[in-house]
Amino acid sequence: MNIIEKFSKIFHSDPAFRIQVPGRVNLIGEHIDYNGFPVLPISIPQTIMVAGAARADREIHCYNTNDSFPASTFELSHSITQSSPGNWINYIKAAAQSLVPLLGKNPHGLNVLFHGSIPRSAGLSSSSALVIASALSLLAANDLNMDSLELAELMAEGERYVGTQGGGMDQAICLLGKKQNAVKIDFFPLKHSFVPFPGEFSIVVAHSLIRASKTENALIEYNRRPAECRLAVAILNSVLFPDTPIKRLGDIRAVNWSATQGIPGERFINKVFLQDSYTLDEISKITNKTIDQITQKYLLMRNGNPMPVPPEGFLIRTRVLHVFTEAQRVEDSCTTLFNNDLKTFGTLMNESHKSCDINYGLSTPELNTLVEIMISNGALGARLTGAGFGGCAVALVKDSDIDAFIKDVSNQYYNGYFKKVHSELPVPSNLENIIFSVKPSLGAQVTLL
Ligand code: GLA
């Protein structure tokens with residue numbers, strides 16, 4: 001039974017629209033979107049699919065073809081109560097709450113059925129695809145259209161409802177993806193341009209089998225990174241720009257920090273950030289703010305509580321080193337792709353992985369092993385993708401080598417390393433949804449039925 005037939009069976013009426021929203025692989029540019037630097041993702045063929053129809057009332061009735069996501073109902077309002085953390089409905093609520101002000105006085109609710117083929121907790125943006133699919137459904141039910149960039153910006157802010165302090169990459173690429181192209185996305189304000197992806201290459205995506213769920217401990221780890229970057233900005237402003245403070249690390253491109261400007265390198269970073277790790281006390285002295293002021297301004301979580309201070313202190317210098325070098329790698333990657341220089345692009349992917357691991361603390365032993373195995377089996381480049389702390393690695397592979405590559409990586413990682421190191425964890429017998437190849441695919445599609 002397809003999604004249309006299933007919808008009719010559940011709701012005893014036909015759907016009025018079908019929507020497909022892709023997941024994404026970020027080729028390069030990790031954890032720099034919220035710092036205001038460009039990133040370079042692609043949309044992938046795996047999607048969240050929706051069949052939906054407007055309701056006369058304000059209720060949203062949500063079903064999922066997968067039984068592990070229980071059906072749920074809520075009502076459109078300006079302040080929608082959250083479900084328990086980790087509940088899939090929170091992503092639909094996030095979209096609904098931020099769209100309500102645009103839906104007029106008597107908004108239509110929705111009957112909606114979701115079907116997902118994007119692996120979850122994999123760093124492939126299944127959650128933002130769900131947010132965008134929900135937003136497009138609500139717009140369709142209310143006969144409204146919205147510009148993709150505006151919608152992406154609104155949903156990037158809206159997704160914070162679930163507690164992540166992410167950037168805007170995922171919501172934007174869901175909407176902007178294009179076949180045979182990577183999309184260079186810049187922020188504040190959101191802008192994009194296309195960068196050709198070579199026809200004879202693919203990206204092999206492989207799950208490390210360690211979940212990267214942003215509702216569990218990875219949430220605290222994830223949110224600490226933007227906080228460390230905000231602290232870096234506070235230090236930079238105190239040391240260098242007391243009169244013309246910058247808002248984000250990316251703004252440094254627009255201020256006069258050197259004769260040549262552009263993105264600063266390691267020498268500049270070492271001059272400003274004299275320590276590897278900072279305590280709150282030290283930050284307070286440098287910035288001339290009390291610990292309480294710093295906590296209130298930079299370190300609050302969505303529930304209003306302060307973030308836990310890491311025992312090793314805030315690793316601000318290496319965080320900045322990652323952000324600036326990664327931003328430069330994105331620029332260089334665009335040039336190499338335009339020049340069809342895949343070898344150099346692969347090297348940039350490898351360097352990005354190292355920086356994500358060493359400077360930004362995003363990797364795991366499993367992801368590092370997977371990346372090593374991918375490179376030793378002929379990938380031109382390989383790296384973790386997405387938020388990190390588990391999830392997937394991606395590799396740049398020539399189309400003609402894909403079958404052998406997937407077979408060898410599967411044998412060495414899943415059947416070799418993983419079974420040995422994690423004998424307590426199951427390895428799925430069917431690896432089709434665990435390791436697969438993708439090419440850049442279309443962004444979100446709305447079809448009125
Ligand atoms: C998550 C966030 C994005 C981005 C990536 C890391 O996917 O939603 O905004 O920060 O992590 O690059």
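Visitor: What makes strand β6 (residues 181-186) and strand β7 (residues 191-196) a pair?
Guide: Two strands pair if DSSP finds at least two bridges between them. Strands β6 and β7 are joined by 6 bridges in the antiparallel sense, so the requirement is met. One of their bridges sets Val183 against Phe194 in β7.

Visitor: What kind of model is this, and how are its residues numbered?
Guide: It is a predicted model, in which local features need pLDDT of at least 70 and side-chain atom pairs count only at pLDDT 80 or more, while totals for chains, interfaces and linings use all residues. Residues are numbered from 1 along each chain as its sequence is written, and side-chain values use heavy atoms, with hydrogens and water left out.

Visitor: Why is β6 called a strand?
Guide: A strand is a DSSP run of E with at least two residues, a helix is a run of H or I with at least four, and both are numbered from the N terminus. Strand β6 spans residues 181-186, so its length satisfies the rule.

Visitor: What is notable about the backbone between β6 and β7?
Guide: The hairpin has 4 residues between its strands, and Phe188 takes a positive phi near 55° there. The peptide bond from Phe188 to Pro189 is cis, with omega near 5°, and Pro189 is found in the loop between β6 and β7. Most residues other than glycine have a negative phi, and most peptide bonds are trans. Ser121, in the loop between β5 and α3, also has a positive phi, of about 45°, although it is not a glycine.

Visitor: Why are β4 (72-75) and β12 (445-448) called edge strands?
Guide: They belong to an open sheet of 6 strands in the order β4-β3-β5-β2-β1-β12, with mixed pairing. Each of β4 and β12 has a single partner strand, so one side of each is left without a neighbour in the sheet. The twist in this sheet averages 20° from one strand to the next; angles run from 0 to 180 degrees between N-to-C directions, and axes are lines fitted to C-alpha atoms, for helices over the stretch in contact.

Visitor: How do you know that β2 (residues 40-54) and β5 (residues 110-116) are partners?
Guide: They run antiparallel and are joined by 7 bridges, and Ile48 has Gly116 in β5 as its bridge partner. Helix α1 (residues 3-11) packs on this sheet, touching β1, β2, β3 and β5, and its direction makes about 140° with that of β5. Contact here means heavy atoms within 4.5 Å.

Visitor: Which strands stand at the edges of the sheet of 4 strands?
Guide: This open sheet has the order β9-β10-β8-β11, with antiparallel pairing. Strands β9 (381-384) and β11 (435-438) each have a single partner strand, so one side of each is without a neighbour in the sheet. Strands β9 and β10 (residues 392-398) are joined by 4 bridges, among them that of Ala382 with Ala395.

Visitor: Which residues come nearest to the ligand?
Guide: Of the 13 residues around the ligand, these are Glu30, His31, Asp33, Asp170 and Tyr222. A residue is near a molecule or strand if one of its heavy atoms lies within 4 Å of it.

Visitor: What makes the approach of the ligand to Asp170 a polar contact?
Guide: A polar contact is a pair of N or O atoms within 3.5 Å, with further conditions for pairs within protein. An oxygen atom of the ligand is 2.7 Å from an N or O atom in the side chain of Asp170, so the pair qualifies. A ligand oxygen is likewise 2.7 Å from an N or O atom in the side chain of Tyr222.

Conventions: A polar contact is a pair of N or O atoms within 3.5 Å; within protein, one must be able to donate a hydrogen and the other to accept it, and residues adjacent in sequence count only if both atoms are side-chain atoms.
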